[in-house]
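Here's a quick briefing to read alongside the structure. Have the sequence and the 3D view open as you go.

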Amino acid sequence: MQARTDLAIEATPGRVTANGEEVSLSEAIYGRLRISRLQVRSERAARQMGKPRGRYVTAQFPPLSDDEKGLANYAEHIGNELQSLLPTTGTVLVVGLGNRTVTPDTLGPATADMVLATRHIRGEFARTVGLQDLRPTAVLTPGVLGQTGTESGEIVRGVCREVQPAAVIVVDALAARSPDRLGCTVQLCDNGIAPGSGVGNDRQPLNRELLGVPVIGLGVPTVVDAAALVEAYLPGTRPTADFPPMMVTPREIDLTVSRAARLLAMSIHRALQPGYSPTDLISVASR
């Protein structure tokens, strides 16, 4: 029984050799922040890893539930990585996926709430208030199928037809295989995101094929498969096929999600509005 994970970095060790032809992997360290850049180049490697071809960036740092002092520094580097995955010009649509009533799944909406929408700030008004250099940004929280009766992908696709963004950033809570990655890992990828895949509730993927523009997935793991906990804390024990499907979240998940959402919002602002303070933009967006 294989424990679920949304993190490409967890699918690499022991499964695919990072030989530079099918998969390449490099790392950089910035103080307490470690950034891994993984590129899956071949279909064979993608099948072995269970992840689509594309670029994956993983940022690892101390748990946010213990310390938030490094948020600004982490956001600067994560924002730079996000910026490198985006087109240099054009409107960007930021989509916060998730269910506001389920704490581990509130990361997307909580992040979107702190991202400043700027698409409507234009023309003479923008010039008068000195904001003519803001990159046009639209923000959407589509809810979940059980609340709206509509797939998130259907809603986002409809908005994309009207807004015609140059790219879409999709923020969602992720699942990890290792409990050590909960609340202290950010993953970015350039091949979109499949809502609910980490908890075995696969929905319509949000990717370039569906939306017609680059789709950047951005998330933090907030749950871990119970089967992975068995393997982590009971060495030599492997769950059987009839092990009940169960996802586990940390006790301090509300604090973790709150700080993770702030980190992701700061990173998005750093990527989209580099000339402005991310914290100032969050303050304006949250009013």
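**Strands, a helix residue and the whole chain**

Strands β4 (residues 92–96) and β6 run parallel, with five bridges joining them. Keep in mind that this is a predicted model. Below, we start with β6 and its partners, then turn to E81 and finish with the chain totals.

**Strand β6 and its partners**

- Strand β6 covers residues 167–176 and is mostly covered, with ten of its ten residues buried.
- On the β4 side, look for V92, which stands opposite A167 in β6.
- β6 also pairs with strand β8 (residues 215–225), again in the parallel sense, and that pairing counts nine bridges.
- To find your way along that pairing, take A175, whose bridge partner in β8 is V223.

**A glutamate in helix α3**

- E81 sits in helix α3, which spans residues 71–85.
- Is E81 buried or exposed? Its relative accessibility is 10%, so E81 counts as buried, the cut-off for buried being under 20%.
- Setting aside neighbours within four places in sequence, E81 is in contact with I35, R37, V57 and L188.

**The chain as a whole**

- Eleven helices and nine strands make up the count for the chain.
- The chain has 287 residues, and 51% of them count as buried.
- Take the contacts between residues at least 6 apart in sequence: 72% of these join residues at least 24 apart.
- About 13200 Å² of the chain is exposed, and carbon and sulfur atoms supply 49% of that area.

Note on methods: Residues numbered from 1 in each chain as written. Predicted model: local features only at pLDDT ≥ 70, side-chain atom pairs only at ≥ 80, totals over all residues. Heavy atoms only, no water. Helix = DSSP H or I, 4+ residues; strand = E, 2+ residues; numbered from the N terminus. Buried < 20%, exposed > 50% of the residue type's maximum accessible area, 1.4 Å probe, protein only. Contact = heavy atoms within 4.5 Å. Pairing = 2+ DSSP bridges. Areas by Shrake-Rupley, 256 points an atom, 1.4 Å probe, with all protein chains shown as cover.
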